[in-house]
Amino acid sequence: MNGAPVRTTPDAAFDTVSARAVLTHRLESLYGDAAPALLARVDQAVACAVQSRPEALKTLDVQRKADPNWIGRSGQGVYTFYVDRFADDLNGLIDRLDYLQALGVRWLHPLPLLKAREGESDGGFAVQDYRAVEPALGDMATLERLAAELRTRGMGLLLDIVCNHTAREHEWAVKARAGDPHFRAFYRQARDEAEVARWEAHLVDVFPDTAPGSFTFDADMGAWVWTTFYPFQWDLDYSNPDVFLEMLDVLLHLANKGVQGFRLDSAPFLWKREGTNCRNQPETYAIVEAFRAALDIAAPSVVLLAEAIESLDDVLPFFGVSSAACGLAYNNGVMTALWGALADGDVGIVNRLLAAAAQRPDNAAWLNYVRCHDDLIWNALAQYAPPEDLRRWSDFYDGGGFSDGRRFQTAPGGVPSTNGMAAALVGIGKSGVDQNLARARLRLLYGVIHALDGWPLIYMGDEIALGNDTTYLDDPARAAEGRWLHRPDMDWARAEAAEVGGEGGDALSALRLFADRARALGPAGIAGRATPVDVGAEVLAFARSEGRPFLCLANFTPEPQIVIRPSHLDVAGRDRLTGRDIPAGPVRLAPYELIWWSADK
């Protein structure tokens, strides 16, 4: 795979005619004889969206269509968070925009904020109403005000769309349970346990400990409803053209409210095929391409982000198979590999993943990250590392070595994934761990993801080295869900102390610096893919493939290292992070030190 050529897809900046042709072809491939009738209804929905699109958003559309490479521009920092845990509500979030802007953030990625079912909602991922905001957070008018305020600051709003499933309490599901045949057809169902068994024979449980199985019997439906995640999350049936139309209409509606991007949650699961694991089917990629084509007509400035925590072979097609699809996808493989390398002090696994990730299309970008709201899934590296490596990393981050993480669950045959905030995983605050080295590890990881091609993402609290929240165990509503360990409330007292050099100040200063220097890469003529450079097992080194010579050097060990650069990069330059001169010859790196070298000319 590493030797494969770079993938390309057609230019994402389609004109309307091209987009309409793509839309037609994708719907025909998905729905056959039903496609003409569906296309007529899609045309009507798109036309209504175009007509009602606010002028300010049309202006943004024109600007981005004139700059088709805008997605690949360096320094587009993203900040992801739960609104209530960060700022109580949307009004509070608006009041915190100065803080985020000072951090170098250009995109806000709040985790689900649309109206969820009452009670357990999988952190908001069980949506009851796609057209309403969770009442405790605000309302749609406030969301529009947030989006408008972000635009005035040159920032954007990236919203979670849970497109694979709805809450059991969603209007569609309520009508389905009441016997409405139109809405019963919105959801995947099995008629009896024998049919369930045929499907289950090929499926892999997402939550084998807390929600085993992929079907839940519902008496009102008189059938086994497909529930990939939790029993209250009902999988939609995208083989029904009405489902595609409804979800597209949701995207168009929210795009006209000022949302500039959509994270397509659980995208790999959209299409089911018996005899397979029902992930990453060809029709799934076609659905996303159809969404993209419709948006290219009605809201071309909107970016799509694929939430596909899968092997790279399965993630890459989300960028587009026959035409453009998602402009962004999580660089999950590289992220997970960074943690494995940190545990071992050996960067071989990262080099393999960087080479594979370089196959992305030219008109797309990776979302690079250190941590997020989900668990760290070692099994995603099964294609690139032997089982004993996966097991060793899983064990290490279950409180071993410098780590203060905790194991999560896994499907049979896999290894447990890992929960924990980044600060805890690197050892900040853990007794017996050298805290200077722990802080250096956190800086190292964030320095690497800001130097890579793509958009760097900060998970809420990492900028102040916020640790684990074990208080979730005292809350009966959350105690059974281990991922709440790394979903703490934002500590604003700590943030204020960090501003004046107190606890967490080292991380805050570092992330602000990384954001500033990342934005300066493009103007300095540094661009292109990150390509690994072999300088030894202990030091991660990667160049950027276009423009001025650039080399990121990252020491993944607690010992000093001497780096001998390849001859074509062994020239005088400077560290773009500190400004210090770096002459030709060997480069000395302190424990966990990071350098962004670039040539003088």
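The following questions and answers introduce a predicted model.

Visitor: What kind of model is this, and from which number are residues counted?

Guide: The model is predicted: local features need pLDDT of at least 70, side-chain atom pairs count only at pLDDT 80 or more, and totals for chains, interfaces and linings use all residues. Side-chain values use heavy atoms, with hydrogens and water left out, and residues are numbered along each chain as its sequence is written, from 1.

Visitor: Which strands form the closed barrel?

Guide: Strands (E, at least two residues) and helices (H or I, at least four) are DSSP runs numbered from the N terminus. Two strands pair if DSSP finds at least two bridges between them. With parallel pairing, the closed barrel of 8 strands runs β1-β2-β5-β11-β12-β13-β14-β17.

Visitor: How many bridges join β1 to β2, and how many pair β1 with β17?

Guide: Phe 81 of β1 stands opposite Pro 110 in β2, and Tyr 79 has Ile 458 of β17 as its bridge partner. β1 (residues 77-81) runs parallel to β2 (residues 105-110), joined by 5 bridges. With β17 (residues 455-459), β1 pairs in the parallel sense over 3 bridges.

Visitor: Which residues of β1 point one way, and which the other way?

Guide: In a regular strand, side chains alternate between the two faces of the sheet. Buried means under 20% relative accessible area, exposed over 50%, and partly exposed in between (1.4 Å probe, protein chains only); 5 of the 5 residues of β1 are buried. One way point Gly 77, Tyr 79 and Phe 81; the other way point Val 78 and Thr 80.

Visitor: Why does the span of α1 agree with expectation?

Guide: The expected span of a helix is 1.5 Å times one less than its number of residues. Helix α1 (residues 16-31) has 16 residues and should therefore span 22 Å. The span agrees because the end C-alpha atoms of α1 are 22 Å apart.

Visitor: What covers the buried residues of α1?

Guide: Buried residues in α1 include Ala 19, Val 22 and Leu 23. Their cover, with contact meaning heavy atoms within 4.5 Å, includes α2 (35-52), α11 (241-255) and α12 (282-298).

Visitor: Which residues touch the most other members of the largest nonpolar core?

Guide: A nonpolar core is a set of buried Ala, Val, Leu, Ile, Met, Phe, Trp, Tyr and Cys residues joined through side-chain atoms within 4.5 Å. The largest has 189 residues, and α12 gives the most to this core, with 11 residues. Those touching the most other members are Phe 86, Phe 262, Trp 339 and Phe 556.
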